[in-house]
Amino acid sequence: MKSILLIGLGRFGRHIALKLNALNHQVMAIDHNEERVNALLPFVTNAQIGDSTNEEFLAALGVGNYDACIVAIGDNFQNSLETTYLLKELGARKIIARASKEMQEKFLLRNGADEVVYPEKQLAAWTAIRCSSEHILEYIELDDEYAIFEVEIPSDWSGKSILELDIRKKHGINILGVRTNGKLNMNITPNTVFGHGTSVLVLGQEKAVHKCFRI
């Protein structure tokens, strides 16, 4: 269990709060909007109405005591930037901030953010990849070159083992798991055999995955 300071309870921040609650983490939620704060009270450990650009207000929260601080402000980048800077100055252990533009990402990193999430960009990439092929069931971009895909296996793979296909040697792709009848199995071996209608979770370069699975 971790303690998280979540600042900004718009749509993005709300989804973060709900997920952290489902994962049983302790969340202190902050927003200047009373209605947003009240709506999330049942799903967080504590919540306060306040201005995160006010140094005294932030200092009173003891930001250095949290495992991570998430700046999820999406409607005012200046406030997001100031909040990130103040958190760093006040000794926050880890700061994760939201950006909606590449330029914002650069400024946030320069002003104290340890990590920057770019939900619009990440969702756009996910949507583009998903709609470009009916065979891609899931997609997680790791960097500009590598990604994790969940892909339906080619029909001629059915009845063959991971060892027989040897796609790691042929394509540089690692098989992480196999999903059969909706159940994901991560405990795989070279002798794991693919059945009809199986999908696989693989890690590799996008071009290699497209070539291997004939996408």
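Which residues does T83 touch, not counting residues up to four places away in sequence? The first legend gives the answer, and every view below comes from a predicted model.

**View 1. T83 and its neighbours in helix α4.** Start with helix α4, which covers residues 77-89 and holds T83. Leaving aside residues up to four places away in sequence, T83 touches I7, S52, T53, L58, V71 and I73. One of these neighbours deserves a second look: the side chains of T83 and S52 make a polar contact of 2.7 Å. T83 has a relative accessible area of 0%, so this residue counts as buried, because buried means under 20%.

**View 2. The largest nonpolar core.** Here you are looking at a core of 22 residues. L5, I7, I30, L61, C69, L87 and L108 are the residues with the most contacts inside this core. Several elements each supply at least two of its residues: β1 (3-7), β2 (26-31), α3 (55-60), β4 (68-71), α4 and β5 (95-98). Helix α4 gives the most, with 3 residues. To get a feel for the packing, pick out L5 and follow its contacts. Not counting residues up to four places away in sequence, L5 touches M28, I30, L61, V63, Y66, A68, C69, I70 and L87.

**View 3. A second core.** Now turn to another group of nonpolar residues, which forms a separate core of 20 residues. Among its members are V151, W157, L165 and I175.

**View 4. R36, its partner D31, and R11.** The whole structure contains 5 salt bridges, and R36 forms one of them with D31. Their closest N and O atoms are 3.4 Å apart. How do the two partners compare in accessibility? D31 is buried, with a relative accessible area of 5%, whereas R36 is partly exposed at 30%. You can also find R11 in this view, with its C-alpha atom 9.6 Å from that of R36. Along the chain, R11 and R36 are 25 residues apart. R11 belongs to helix α1, which covers residues 11-22, and with 76% relative accessibility R11 is exposed.

**View 5. The salt bridge between D67 and R93.** In this view the side chains of D67 and R93 meet, with 3.1 Å from N to O. D67 sits in the loop between α3 and β4, and R93 in the loop between α4 and β5, so their salt bridge ties together parts that are 26 residues apart in sequence. D67 is partly exposed, with a relative accessible area of 28%.

**View 6. The salt bridge between E115 and K94.** Look next at E115 and K94, whose closest N and O atoms are 3.2 Å apart in a salt bridge. E115 lies in strand β6 (residues 115-117), while K94 is in the loop between α4 and β5. This pair links distant parts of the chain, 21 residues apart. Both residues are partly exposed: E115 has 38% relative accessibility, and K94 has 31%.

**View 7. A nonpolar patch on the surface.** What makes up the nonpolar surface patch of about 280 Å²? The residues to find are I140, L142 and Y146. Y146 is part of strand β8, which spans residues 146-152. With a relative accessible area of 34%, Y146 is partly exposed. Y146 can therefore count towards a patch, because patch residues need over 30% relative accessible area.

Notes. Residues are numbered from 1 along each chain as its sequence is written. This is a predicted model: local features need pLDDT of at least 70, side-chain atom pairs count only at pLDDT 80 or more; totals for chains, interfaces and linings use all residues. Side-chain values use heavy atoms; hydrogens and water are left out. Patches are made of residues with over 30% relative accessible area and no salt bridge: like charges are joined within 9 Å, nonpolar side chains (Val, Leu, Ile, Met, Phe, Trp, Tyr) within 5 Å. Accessible areas come from the Shrake-Rupley method with a 1.4 Å probe; for residues, only the protein chains shown count as cover. A salt bridge is a side-chain nitrogen of Lys or Arg within 4 Å of a carboxyl oxygen of Asp or Glu. Helices (H or I, at least four residues) and strands (E, at least two) are DSSP runs, numbered from the N terminus. Buried means under 20% relative accessible area, exposed over 50%, partly exposed in between (1.4 Å probe, protein chains only). A polar contact is a pair of N or O atoms within 3.5 Å; within protein, one must be able to donate a hydrogen and the other to accept it, and residues adjacent in sequence count only if both atoms are side-chain atoms. Contact means heavy atoms within 4.5 Å. A nonpolar core is a set of buried Ala, Val, Leu, Ile, Met, Phe, Trp, Tyr and Cys residues joined through side-chain atoms within 4.5 Å.
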